[in-house]
Amino acid sequence: MAPVAIHLRKHIDPATHYTPIWPAGLVRAEFEPRRHARAARALLNTAYAEGGGDVLDFETWWAALTADPEYRPELCFVAIDDATGALAGFAQCWSLGFVKDIAIAAPWRGRGLGRAMMTEIFRSFQLLGVTEVDLKVAADNPSGAIGFYQRMGMVRPG
């Protein structure tokens, strides 16, 4: 039986200034597939190993991602640990306002990186004229993601 997913939505107010506050020690970088794609999948797999998402090999994931008509590299978000150069956070969104995946490396959890990345996602979609951002989260997600998304202003649509 497939896990139950909860659909959440955030209305993007055109008058709101979505300004991410990046934790000290991080650099927001543009997604460069040759530099970041393998590390992004590894981070997603580590985050999803205990539940909440799919653990996939890189080749399967990358082929499906890049073949999807909603894939846009500029809607992949990367945060780099300035001290180590390691990927601290990654998010991948579909062009129609959907957060497909997001993962934060364990040393950066609880330090504001998830909030900064979601705020950057909201800002990016606002600039594209998207008025609602959606995502699905597993009801049994062990990371506390549901509460986090609700604190970000996401609610069940309807």
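How many bridges join strand 3 to strand 4? The close-ups below start there, and they come from a predicted model.

**View A. Strand 3 pairs with strand 4 (residues 87-94).** Here's the count: six bridges hold these two antiparallel strands together. One spot to look for is Ile80, which stands opposite Leu87 of strand 4. The two strands make a hairpin, with five residues sitting between them. Check the backbone at Gly85 while you're in the turn: its phi is positive, about 80 degrees.

**View B. Strand 3 on its other pairing, with strand 2 (residues 26-30).** Strand 2 and strand 3 also run antiparallel, and five bridges join them. Among the residues to pick out, Leu26 has Asp81 of strand 3 as its bridge partner. Strand 3 itself spans residues 71-81 and is mostly covered, with eight of its eleven residues buried.

**View C. A salt bridge within reach of strand 3's numbering: Arg72 and Glu74.** The closest N and O atoms of this salt bridge are 2.7 Å apart. Neither end is hidden away completely: Glu74 counts as partly exposed at 43% relative accessibility, and Arg72 is partly exposed too, with a relative accessible area of 28%.

**View D. Asp134 meets Arg9.** These two form a salt bridge, and their closest N and O atoms lie 2.7 Å apart. Asp134 belongs to strand 6 (residues 132-138) and Arg9 to strand 1 (residues 5-11), so the contact ties together parts that are 125 residues apart in sequence. Is Asp134 buried or exposed? At 11% relative accessibility, Asp134 counts as buried because the cut-off for that label is under 20%. Arg9, at 23%, counts as partly exposed. Zoom out a little and Glu132 joins in: Arg9, Glu132 and Asp134 are linked in a network of salt bridges.

**View E. Arg28 meets Glu120.** Which side chain does Arg28 meet in a salt bridge? The partner is Glu120, at 3.5 Å from N to O. Arg28 lies in strand 2 and Glu120 in helix 3 (residues 113-127), so this pair ties together parts that are 92 residues apart in sequence. Glu120 is buried, with a relative accessible area of 7%, whereas Arg28 is partly exposed at 24%.

**View F. Salt bridges across the whole structure.** If you'd like the full tally, a search of the whole structure turns up eight salt bridges. The pairs in the views above are among them, including Asp134 with Arg9, Arg28 with Glu120 and Glu74 with Arg72. As a general point, side chains of opposite charge can pair when their charged atoms come close.

How values were computed: Residues are numbered from 1 along each chain as its sequence is written. This is a predicted model: local features need pLDDT of at least 70, side-chain atom pairs count only at pLDDT 80 or more; totals for chains, interfaces and linings use all residues. Side-chain values use heavy atoms; hydrogens and water are left out. Buried means under 20% relative accessible area, exposed over 50%, partly exposed in between (1.4 Å probe, protein chains only). Helices (H or I, at least four residues) and strands (E, at least two) are DSSP runs, numbered from the N terminus. Two strands pair if DSSP finds at least two bridges between them. A salt bridge is a side-chain nitrogen of Lys or Arg within 4 Å of a carboxyl oxygen of Asp or Glu.
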